[in-house]
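Open the structure in your viewer and keep the selection tool at hand. This tour tells you what to pick next and what is there.

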Amino acid sequence: MKLRLHNVRLPLAHFVLELDAEFTGQVAAIFGPSGAGKTSILDLIAGLRRAQSAQIELDGRALTDTGHDVFVPTRQRGVGYVPQEGALFPHLSVLHNLQYGAPRHPVGESKSQFGHVVEMLEIGELVNRRPQSLSGGEKQRVALARALLSSPRLLLLDEPLAALDQPLKLKIMPYLQRVRDEFRVPMIYVTHNANEVMALCDEVLVIDQGKQIRQGAPGDLFTASDEPQFVLKNGL
Amino acid sequence: MSAQEVQIVWFTARVAALSTVLILPLGIALAWLLARRDWRGKSVVETVVALPLVLPPVATGLLLLKLLGRRGPLGGFIYQHFGLDIVFTWRGVVVAAAVMSFPLLVRAARIAFQEVNPRLEQIASTLGAGFTRVFFTVTLPLAARGIVAGALLAFSRALGEFGATILVAGNIPGKTQTISLSIYTLVQLGHDVDALRLLSVSVGLAFLVVWGSELFYRRRDRA
Amino acid sequence: MRKALVGYLACGVLCSSVVLSIPAKEIDVPKQHGVAPAGELTVYAAASLSDVLQELSTEYAKQTGEKLVFNFSASSTLERQIEEGAPADVFFSADEEKMDSLERKGLLLAGTRHSLLSNSLVIVVPADASWQLTSAFDLTNAVIQRIAIAEPQSVPAGIYAKQYLSKLGLWNRLVSKCVPAENVRAALAAIESGNVDAGIVYKTDARISRTVSVAYEVPPAEGPKISYPVAVLKDSKAADAAKRLIHYLKSEAALQVFRKYGFLVGAGPQ
């Protein structure tokens, strides 16, 4: 991917979010504690929020440029979004949720893509169910599938595993890896969990209180420790 | 029940239904605006919408009478250009009922919209849906319950409207006499038994409306 | 949350006390209903008597110090209210029927009933109307789409109007054009507003209005027998004062005022 965030400035409740970063990997993590402004970054990329100033470019195409009065509406940005929870439309069946962003009358390639995504995320049995009857893990897989089926240029994931318990996290992670490896869709992955960063991402941006701290490869920034979690290296 | 009484009940039901249908589009649109947007003068709009709820019904009726009479700013225009009378006709009954029940619909619909998770609408737009599609496929279906509740409330209010109706439409038997106006006249004439009979029809209608709305909710719940 | 609630209530109390303490002139509206304090007489009177009785009550107060509290409405409404126990001392009706009904129910103080006045009907049109009417027959004209009268089933003015039109054989043709009003003054208001094309009210009502014009005056001999009786109510707690009032109303001084307003003195032709 080629995602550039220049001169981003967004006043938030307790601090001002300021960013100037580029993402070139396949899966980039935005890592930081809760309330650091991570979700706001995703909202800016998706065009769900407007910054005081920002230049956001994806694959050479300007999505936001406050200097030149450019703002591409969300629906035209081609970004998929998987939030932490509660993403599925409760009044639609799983099937209709999945079809929401997909072409109206799929032919040929898109038809097979549907089957492919459903198979890969193993949600075939769920298609006629209602979102309320699904488990947490099933919901997130459906949300992921739905976003994929809209053929996004970039996938934004906001702590998608945070609401799941540890065993479930371990169970769902392989699906995310599958999406990364088989679909090759660039992803921005927001989390405060270092293990997820290590398992999935090839670059990471560390932020805290709205300011970027470090950016680099996960292996450079994280280190194994006695505790079961990876931790940030000292000095960061 | 005599033929006359049947006519009165049927007339009242039709007028209330028509008035509810008429206020739905504007009511829903306004409720959405109030729930989702902010603008200078928003509180003025909120106050004006709430007026029929807060003012005595006859006060609202007086305002409508002045506005919609043949010499009124709006009524005069309509009379000149379309040859239509509103005051003292069934149209006046519909207008009075619509105005008095409008705030109830807006209130309920606004709350319904406020309870729709905006995240869902945002997700829908990331999936490529424009404003109209998001509204009709996500926002409205999710708010539907509350809106229907508001519509039923508005309908009940329209059924029982009296104060504004009697000023704007008069109490003309066979033309503008609703159940409540008829009960009023019967009491004035001392025909208490007839009045009580219409009263029980009123109560029956109320039960029907409430029971119908309960049915609606239970079916939605089971779905 | 509780603090906010307390604060809000405190504000409300403060504002109310501020508003209530603002000195304001009392609006000069005759008190409606309610129990009159001692030294006040409650008079339930037909709507068409509003103006003349207001003037008379000022005179009466000057002369006797007695204060009159009025309830003006359709005589039929007043009759119902009295039957349901409303606290009236004197009833001044626009037709005998209502008084008869009360008498049958034993609600009148014996010996106090007098038929005092009569009136005549007029056909009126809004002052700026472009059409002319020369008789009741002209009401059948297509130009006249709506005719305001008092409710013809119960209100005296409406009953009189119906009697008159029936006598002329016009009632069945005109009934679909009729817009019944709650009392004769409401009918008058409808005509004044221009929302109806014509109406039938008392001559005395037309006189006090500046925005209707009389198209045709029904000669008393051709019109219905209009009679305004007055009586003291049996349950009155101020029977003596009430009797004094009726005595005053029968006096030449009072009758002159009635004539001034256009009432005919003495009951109509029986």
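Which residues of α2(C) and α10(C) meet? Before you select them, some ground rules. This is a predicted model, in which local features need pLDDT of at least 70, side-chain atom pairs count only at pLDDT 80 or more, and totals for chains, interfaces and linings use all residues. Residues are numbered from 1 along each chain as its sequence is written, while chains are lettered from A and ligands numbered from 1 in the order in which they are written.

**Stop 1: two helices in chain C**

Select C:Asp51, C:Val52, C:Glu55 and C:Leu56 in α2(C). Then add C:Ala254, C:Val257, C:Phe258 and C:Tyr261 in α10(C). These two groups are in contact (C-beta atoms, placed from the backbone, within 7 Å). Helices (H or I, at least four residues) and strands (E, at least two) are DSSP runs, numbered from the N terminus.

Now show all of α2 (residues 50-64) and α10 (residues 252-261) of chain C. Their axes lie 10 Å apart, at an angle of about 145°. Axes are lines fitted to C-alpha atoms, for helices over the stretch in contact, and angles run from 0 to 180 degrees between N-to-C directions. Color the contact by residue type: 6 nonpolar, no polar and 2 charged. Here Ala, Val, Leu, Ile, Met, Phe, Trp, Tyr, Cys and Pro count as nonpolar, Asp, Glu, Lys and Arg as charged, and the others, Gly among them, as polar.

**Stop 2: the sheet of chain C**

Stay in chain C. Six strands make an open sheet here, in the order β2-β1-β3-β10-β4-β11. Its pairing is mixed. Two strands pair if DSSP finds at least two bridges between them. Strands of a sheet pair through backbone hydrogen bonds, either parallel or antiparallel.

Start at one edge, β2 (67-73). It pairs in the parallel sense with β1 (residues 40-46), over 7 bridges. Click C:Glu40 and find its bridge partner, C:Lys67.

Go to β4(C). With β10(C) it pairs in the antiparallel sense over 3 bridges. C:Ser115 stands opposite C:Pro229 there. β4(C) also pairs with β11(C), again antiparallel, over 2 bridges. Look for C:Ser118 and its partner C:Leu264. β11 (264-265) is an edge strand too, pairing on one side only.

Next, add helix α9 (residues 239-250) of chain C. This helix lies across β1, β3, β4 and β10, running at about 155° to β10(C).

**Stop 3: where chain C touches chain B**

Show both chains. 11 residues of chain C are in contact with 11 residues of chain B. On the chain C side, α3 (75-83) and β7 (178-181) each give two or more residues. The largest share, 3 residues, comes from α3(C). By type, the chain C side has 2 nonpolar, 7 polar and 2 charged residues.

**Stop 4: hairpins in chain A**

Move to chain A. Strands β4 (residues 53-58) and β5 (residues 61-65) run antiparallel, joined by 4 bridges. A:Ile56 stands opposite A:Thr64. The two strands form a hairpin with 2 residues between them. In the turn, A:Asp59 has a positive phi of about 50°.

Follow β5(A) onward to β6 (residues 70-71), its antiparallel partner over 2 bridges. A:Asp65 stands opposite A:Val70. This hairpin has 4 residues between the strands, and A:Asp69 takes a positive phi near 60°.

**Last stop: confidence**

Color chain A by pLDDT (the predictor's confidence in each residue, from 0 to 100). The mean is 88, and 92% of residues reach 70 or more. Among the elements of chain A, β13 (residues 231-232) has the lowest mean, 62, and β8 (residues 154-158) the highest, 95.
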